[in-house]
Amino acid sequence: MPDRFRAFILRKQGETVTYEVEQVPFSMLPEGDVLIDVEYSSVNYKDGLAFQPHGKIVKSYPFIPGIDLSGIVVRSKDPRYRAGDRVLVTGYELGVSHFGGFSEYASVPGDWLVPLPQGFSLKSAMAIGTAGFTAALSIHRLEASGLSPSNGPVLVLGASGGVGSVAVAMLAKRGYEVVASTGKTSEHDLLHRIGAGEVISREAVLEDSKPGLGKQRWAGVVDPVGGRSLSAVLSCVQYGGSVATSGLTAGTEVSATVYPFILRGISLLGIDSVYCPMEQRLQVWDRIAGDLNPEESLDSITNVIRLEELPETLHQLMEGKHIGRTVVAVSSQ
Ligand SMILES: C=CC(=O)SCCNC(=O)CCNC(=O)[C@H](O)C(C)(C)COP(=O)(O)OP(=O)(O)OC[C@H]1O[C@@H](n2cnc3c(N)ncnc32)[C@H](O)[C@@H]1OP(=O)(O)O
Ligand SMILES: NC(=O)C1=CN([C@@H]2O[C@H](COP(=O)(O)OP(=O)(O)OC[C@H]3O[C@@H](n4cnc5c(N)ncnc54)[C@H](O)[C@@H]3O)[C@@H](O)[C@H]2O)C=CC1
């Protein structure tokens, strides 16, 4: 084991957050049952918020962000894990109040660990990461609420982003008719290649909007976008259909009438990947490794960067310019 390791550190000076890849001592790591040699992390919207001085994610500085990691157990006080085990962590307090995955080593509670699912490498597990897990959890919840491929088209909002692109690939794999909504005309071909039958603009979703009831178009909706887009789709969900809402890239405020809820029996499902209970978490990872596995499409939506390249990707993400998933190869210098 080396004396020090490399980590992407955020520091706050006044109203400014500064960042640097630094060599840090092991004494800087928080208490944890399991020490992990981190091989890969991934970049999520929440990391972009953590990078902002007023993002309301990071509680204290200096801080190592990164809400995802995969790696190899170095040592463990938790009897469920031992040196050499391949594991991943997404969510909980990782990269929020507990040092995260943009670091060559991490020390975490054993309760946060998920054994690397069958058929996944440490790298492909991070191509899924929090965003892909959220896509899968959204589909899992929509199906528990009655969605099946025979019900009709499923709309994916924010389809070129992390949650959206993985949702398109997973739904296509499951045999759904997928309609992808994106603001990026440059990404239409990519979305068709990963399984969208139709690609529509952001504006087309907003234009469908009616204050009360609109045309019944969607059997289900995967919504990592929120705001006006969510307001617009609610009136266009088919009788008995559901919307799985996970995100806020278009805003946090939603306006709706009760009509689609009380006249069409639609449901709005809240999706939280962070504290998703372990039993459901493992079930969803089993599905990601099974019937939802987007393996044929994963490479075409995944970009790999080094720790030093994080600032550029985090800026792109906050400017709405990020495409698909970005994996961070943490251990490569
Ligand atoms: C991967 C996941 C995601 O990407 S989720 C999307 C990214 N997350 C966010 O954008 C959240 C950023 N946080 C905020 O904007 C704010 O913290 C807030 C709006 C969620 C709440 O801020 P506010 O100042 O209004 O209230 P408090 O900080 O006093 O909290 C009120 C109450 O809520 C609890 N709480 C705060 N943050 C969270 C959270 N992330 N998840 C669940 N609950 C949260 C907080 O503990 C307070 O409850 P209490 O019972 O009083 O402790
Ligand atoms: N609830 C949960 O557990 C989770 C929530 N999220 C949330 O989901 C959202 C998406 O996350 P990622 O896919 O990782 O981010 P991303 O940045 O990769 O994708 C965001 C998508 O939203 C689109 N977008 C931006 N502004 C928009 C607007 N005004 N109208 C419509 N679309 C717009 C972008 O073009 C992009 O396609 C974020 O808000 C994130 O915080 C993500 C993972 C877990």
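**Two ligands and the largest pocket**

Q: How do the residues of the shell around ligand 1 divide by class in this predicted model?
A: Here Ala, Val, Leu, Ile, Met, Phe, Trp, Tyr, Cys and Pro count as nonpolar, Asp, Glu, Lys and Arg as charged, and the others, Gly among them, as polar. The shell has a heavy-atom cut-off of 4 Å. With those classes, the residues around ligand 1 come out as five nonpolar, one polar and two charged.

Q: Which pLDDT must side-chain atom pairs have to count?
A: Numbering starts from 1 along each chain as its sequence is written, chains are lettered from A and ligands numbered from 1 in the order in which they are written, and side-chain values use heavy atoms, leaving out hydrogens and water. As this is a predicted model, local features need pLDDT of at least 70, totals for chains, interfaces and linings use all residues, and side-chain atom pairs count only at pLDDT 80 or more.

Q: How much of ligand 1's accessible area does the protein cover?
A: Ligand 1 is surrounded by Lys46, Leu49, Lys56, Ile57, Ile67, Thr130, Leu248 and Val274. A backbone N or O atom of Lys56 lies 3.4 Å from a nitrogen atom of ligand 1. Of the 990 Å² that ligand 1 has on its own (Shrake-Rupley, 1.4 Å probe), the protein covers 30%.

Q: What share of ligand 2's accessible area does the protein cover?
A: Let's start with the polar contacts (N or O pairs within 3.5 Å): an oxygen atom of ligand 2 is 3.1 Å from a polar side-chain atom of Ser160, and an oxygen atom is 3.0 Å from an N or O atom in the side chain of Lys184. A polar backbone atom of Ser246 lies 2.9 Å from a nitrogen atom of ligand 2. Ligand 2 has 860 Å² of accessible area on its own, and the share covered by the protein is 86%.

Q: Which helices each supply at least two residues of the shell around ligand 2?
A: This shell holds 24 residues, and the closest are Gly162, Val163, Ser246, Ile271 and Ser273. By class, eight are nonpolar, 13 polar and three charged. The helices asked for are H2 (122-144) and H3 (162-173).

Q: Where does ligand 2 sit?
A: One pocket to look at holds about 1000 Å³ of space. Tyr45, Pro224, Gly247, Leu248 and Thr249 lie nearest its centre, among 44 lining residues. The lining has 17 nonpolar, 19 polar and eight charged residues. Ligand 2 sits in this one, the largest pocket.

Definitions and conventions:
Polar contact = N/O pair within 3.5 Å; in protein donor to acceptor, adjacent residues only side chain to side chain. 1 Å grid on protein atoms, 1.4 Å probe; cavity = no way out; pocket = protein on both sides within 12 Å on 5 of 7 lines; lining within 4 Å. Sits in = over half its atoms within 2 Å of the grid points. Helix = DSSP H or I, 4+ residues; strand = E, 2+ residues; numbered from the N terminus. Points joined across faces, edges and corners; volume = space filled by probe spheres on them.
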